[in-house]
Amino acid sequence: MKENAVITIISITIIVLNMMMIIVLDIKNAIMMATMAEIMVATMAEVTAVVMAEITAATMAEVTVVVMAVITVVVKDVAAVGAGCFNLINN
């Protein structure tokens, strides 16, 4: 009888320890997943910010070049028209 009681106690102890180990592993996995999620969110936010800054800078540079080219053409055209009118008036 004593042997059966000892075996039962040892079996229960092993089962409880296994359950505790499973719980600890689950907690560890949950912490790891949360940590990885945080790292991914922070990394994606950083990458998005850098990429958006690069795109904005490149776009603004392109827009500036195009606008300046258009302004130059318009100013030249206006100057040419003005010169033509001046020649007509003086002749």
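Biologist: What share of the 91 residues in the protein is buried?

Modeller: First the idea: buried means under 20% relative accessible area, exposed over 50%, and partly exposed in between, using a 1.4 Å probe and protein chains only. Here, buried residues make up 0% of the 91. Keep in mind that this is a predicted model, where local features need pLDDT of at least 70, side-chain atom pairs count only at pLDDT 80 or more, and totals for chains, interfaces and linings use all residues. Residues are numbered from 1 along each chain as its sequence is written, and side-chain values use heavy atoms, leaving out hydrogens and water.

Biologist: How many helices and strands does the secondary structure have?

Modeller: Helices (H or I, at least four residues) and strands (E, at least two) are DSSP runs, numbered from the N terminus. In this protein there is one helix and zero strands. Helix α1 covers residues 2-90, and I71 sits in it. T72 and V81 lie in helix α1 too.

Biologist: What radius of gyration does the protein have?

Modeller: That radius is taken over C-alpha atoms, and the globule rule is 2.2 Å times the number of residues to the power 0.38. A compact globule of 91 residues would come out near 12 Å, but this protein has 39 Å. Its C-alpha trace spans about 135 × 10 × 10 Å along the principal axes.

Biologist: How far apart in space are the C-alpha atoms of T72 and T59?

Modeller: They are 20 Å apart, with the two positions 13 residues apart in sequence numbering. For V81 and A53, 28 residues apart along the chain, the C-alpha separation is 41 Å.

Biologist: Is V81 buried or exposed?

Modeller: V81 is exposed, because its relative accessible area is 54%. T72 has 38% relative accessibility, so T72 counts as partly exposed. I71 is also partly exposed, because its value is 41%.
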